[in-house]
Amino acid sequence: MILDEIKKANVQAMKDRNQNARAVYSVVMTKAMLETVKKREKGEELQDSDMVQILQKTIKELTDEKESFEKAGNATQASLIEEQKEIISAYLPKMLDESEIKEIILSLPDHSVPTVMKHFKQNYAGKVDMAKVGVVLRSL
């Protein structure tokens, strides 16, 4: 599971005294624990697809933060945030590209928007950008 890999990497970052990596791992683990609590209230367990969503959201937040530092002229902090984004990105699964999305859509018996979107949401959560699915579907 992705969370277990992140916990191991966090321990290694502590041993290596890598404060930048430790900071981003701590943020991700905290978000994962909060999500775990929410899931347990519903009687569910944290899945890798949930972790992918957490990682994607964290990367988006880091991107916004990096832009703020660049506007403020703080290149040092911006480069540290870029390093954190790279660390987190390593845990994301490979995203499907447009040709793979098109191939999957063409293999479906029904090409209607609701059916295709539901299929991708159920079977490819975290592995595909749903906006990209919509664009590919409209181009067919």
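Helices α3 and α4 run roughly antiparallel to each other in this predicted model. Their axes cross at roughly 165° and come within 9 Å, and 165° is over the 145 cut-off, so the pair counts as roughly antiparallel. A second helix pair, α5 and α6, packs at about 120°. There are also two nonpolar cores to look at, one of 22 residues and another of 11.

**The α3/α4 pair**
- The crossing of α3 past α4 is left-handed.
- On the α3 side, the contact takes in Leu 55, Thr 58, Ile 59, Leu 62, Thr 63, Glu 65, Lys 66, Phe 69 and Glu 70.
- Facing them from α4 are Gln 77, Ala 78, Ile 81, Glu 82, Gln 84, Lys 85, Ile 88 and Ser 89.
- Sort the residues of this α3 and α4 contact by type and you get seven nonpolar, five polar and five charged.

**The α5/α6 pair**
- Helix α5 covers residues 98-107 and helix α6 covers residues 113-123, with their axes 11 Å apart.
- At about 120°, α5 is oblique to α6.
- Here the crossing is right-handed.
- From α5, Ile 101, Ile 104 and Ile 105 meet Val 116, His 119 and Phe 120 of α6.
- The make-up of the α5 and α6 contact is five nonpolar residues, one polar and no charged.

**The nonpolar cores**
- The largest nonpolar core has 22 residues, and the members touching the most others are Ile 2, Ile 6, Tyr 25, Met 51, Leu 55, Ile 88 and Tyr 91.
- Two or more residues of this core come from each of α1 (2-16), α2 (19-41), α3 (48-72) and α4 (75-89).
- Leu 55 and Ile 88 do double duty: they are on that list of core members and also take part in the contact of α3 with α4.
- Setting aside neighbours within four places in sequence, Ile 2 is in contact with Asp 48, Met 51, Val 52, Leu 55 and Tyr 91.
- Another core lies apart from the largest one; it has 11 residues, including Leu 108, Val 128, Val 133 and Leu 137.

**Met 14**
- Met 14 sits in helix α1.
- With a relative accessible area of 43%, Met 14 is partly exposed, because 43% falls between the 20% and 50% limits.
- Met 14 and Val 128 are 114 residues apart along the chain, and their C-alpha atoms are separated by 33 Å.
- Val 128, for its part, belongs to the core of 11 residues.

Notes. Residues numbered from 1 in each chain as written. Predicted model: local features only at pLDDT ≥ 70, side-chain atom pairs only at ≥ 80, totals over all residues. Heavy atoms only, no water. Core = buried A, V, L, I, M, F, W, Y, C linked by side-chain atoms within 4.5 Å. Buried < 20%, exposed > 50% of the residue type's maximum accessible area, 1.4 Å probe, protein only. Helix = DSSP H or I, 4+ residues; strand = E, 2+ residues; numbered from the N terminus. Contact = heavy atoms within 4.5 Å. Axes fitted to C-alpha atoms, helices over the stretch in contact; angles between N-to-C directions. Parallel < 35°, antiparallel > 145°, perpendicular 65-115°, else oblique. Left-handed = near helix turned anticlockwise from the far one by under 90°. Nonpolar A, V, L, I, M, F, W, Y, C, P; charged D, E, K, R; others polar.
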